[in-house]
Amino acid sequence: LKRIRKVLQGKFHGNPMHVAVVISNCLREERRILAAANMPVQGPLEKSLQNSSVSERQRNVEHKVAAIKNSVQMTEQDTKYLEDLQDEFDYRYKTIQTMDQGDKNNALMNQEVLTLQEMLNSLDFKRKEALNKMTQIVNETDALVSSALMEELRDWQRRQQIACIGGPLHNGLDQLQNCFTLLAESLFQLRRQLEKLEEQSTKMTYEGDPIPMQRAHLLERVTFLIYSLFKNSFVVERQPCMPTHPQRPMVLKTLIQFTVKLRLLIKLPELNYQVKVKASIDKNVSTLSNRRFVLCGTHV
């Protein structure tokens, strides 16, 4: 007690109001904790209804992710059809160019020109249709990532926090990884389709071609969604804990090593290598601390 008294006198000497504010904040936090502890505990029925609601929400997210994946597969077929249609148009057009001048005036030639015009109209319609479908996919993905998927991720993080203070073990990370991975695959596939459309437009363009007008903006949105997806997919699967007490996360002793497990929720063949992570502790905190940790064998 004498030691504590000396510390308090040395730190708050001449500033009793600051001591009063600190004590008041501590008492307020104590009342909040007691009020939370006195809340009625959920019974089996309430817990069952809550778990059912969470499961239904997870199934809804998985259903939307699967629908986006199927839509991207359909636009893949549309892109291939556009490529075949353009090749056929190019072949017919070059055939006409190689015909003799006398042959260009007959009825067969006129019929071929009409056929080319119909093919060009169909090509223009299919390009616009494919871009509209891609725009719809991007809109649906953006809405899903920013709302339902992020809500699922925050819910998992909340369950992890509760597990760190003695709550039930959290789960659901595998389902989240499946959703993140499928969305990443769909976005990368969509980006490749946009690149193919650019190649087609480079080979053949015309007045009112929708690809130069819409492709750049769509590609920018897809790239941003990929960035956002990767940024949010990097999570702490297991919170810091000492090797001697792995079942007690967030309880660390000074001058004792601790471990932490990270996880990237996007599993793609292109990323099938060990990810290197640089660890650091923020020293620019508002209050000074005398705590010392051992991180990778280095005192910080």
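## A buried glutamine in helix α5

Gln193 has its place in helix α5, and in this predicted model the residue is buried, with a relative accessible area of 1%. Because the limit for calling a residue buried is a relative accessible area under 20%, Gln193 falls within that class with its value of 1%. When residues up to four places away in sequence are not counted, Gln193 touches Val72, Thr75, Glu76, Thr79 and Met134.

Two of the helices that matter here can be placed by their numbers: helix α5 covers residues 173-203, while helix α3 covers residues 44-97.

## A lysine in helix α3

Lys69 is found in helix α3, and this residue also counts as buried, with a relative accessible area of 18%. Which residues does Lys69 contact, once its neighbours within four places in sequence are left aside? The contacts of Lys69 are with Leu182, Glu185, Ser186 and Gln189.

One of these partners, Leu182, shows how sequence and space can be read side by side. Lys69 and Leu182 are separated by 113 residues in sequence, yet their C-alpha atoms are 6.9 Å apart in space.

## Helices α4, α5 and α6

How are α4 and α5 directed with respect to each other, roughly parallel or roughly antiparallel? The axes of these two helices come within 11 Å and cross at roughly 160 degrees, and because angles over 145 degrees count as roughly antiparallel, α4 and α5 are described as roughly antiparallel to each other. Their crossing is left-handed, and the contact of α4 with α5 is made up, by class, of 19 nonpolar, four polar and two charged residues.

The pair α5 and α6 can be described in the same order. Their axes come within 10 Å and cross at roughly 160 degrees, so α5 and α6 are roughly antiparallel to each other. This crossing is left-handed, and sorting the residues of the contact of α5 with α6 by class gives 17 nonpolar, four polar and three charged residues.

Helix α4, residues 107-164, and helix α6, residues 210-233, have axes that come within 10 Å and cross at roughly 20 degrees. Because angles under 35 degrees count as roughly parallel, α4 and α6 are taken to be roughly parallel to each other. Helix α4 passes α6 in a left-handed crossing, and the residues of this contact divide into 13 nonpolar, seven polar and five charged.

## Two further glutamines

Gln136 lies in helix α4, where it counts as partly exposed because its relative accessibility is 48%. Between Gln136 and Ile68 there are 68 positions in sequence, whereas the distance from C-alpha to C-alpha is 9.7 Å.

Gln239 belongs to strand β1, which spans residues 234-241. Its side chain is joined to the side chain of Gln160 by a polar contact of 3.0 Å. Leaving aside neighbours within four places in sequence, Gln239 is in contact with Gln160, Cys164, Pro249, Met250, Thr259 and Val260.

## The start of the chain

Helix α1, which takes in residues 2-12, is hardly covered, since the count of buried residues among its eleven residues is one. Just after α1 comes Gly14, which takes a positive phi of about 80 degrees.

## The chain as a whole

How many helices and strands does the protein chain have? The chain has six helices and four strands, and, read from the N terminus on, the order of these elements is α-α-α-α-α-α-β-β-β-β.

Of the 300 residues in the protein chain, buried residues make up 28%. Among the contacts in the chain with a separation of 6 or more, 74% are accounted for by residues 24 or more positions apart. The pair Lys69 and Leu182, which are in contact and stand 113 residues apart in sequence, gives one example of such a separation.

Definitions and conventions: Residues numbered from 1 in each chain as written. Predicted model: local features only at pLDDT ≥ 70, side-chain atom pairs only at ≥ 80, totals over all residues. Heavy atoms only, no water. Axes fitted to C-alpha atoms, helices over the stretch in contact; angles between N-to-C directions. Parallel < 35°, antiparallel > 145°, perpendicular 65-115°, else oblique. Left-handed = near helix turned anticlockwise from the far one by under 90°. Nonpolar A, V, L, I, M, F, W, Y, C, P; charged D, E, K, R; others polar. Polar contact = N/O pair within 3.5 Å; in protein donor to acceptor, adjacent residues only side chain to side chain. Contact = heavy atoms within 4.5 Å. Buried < 20%, exposed > 50% of the residue type's maximum accessible area, 1.4 Å probe, protein only.
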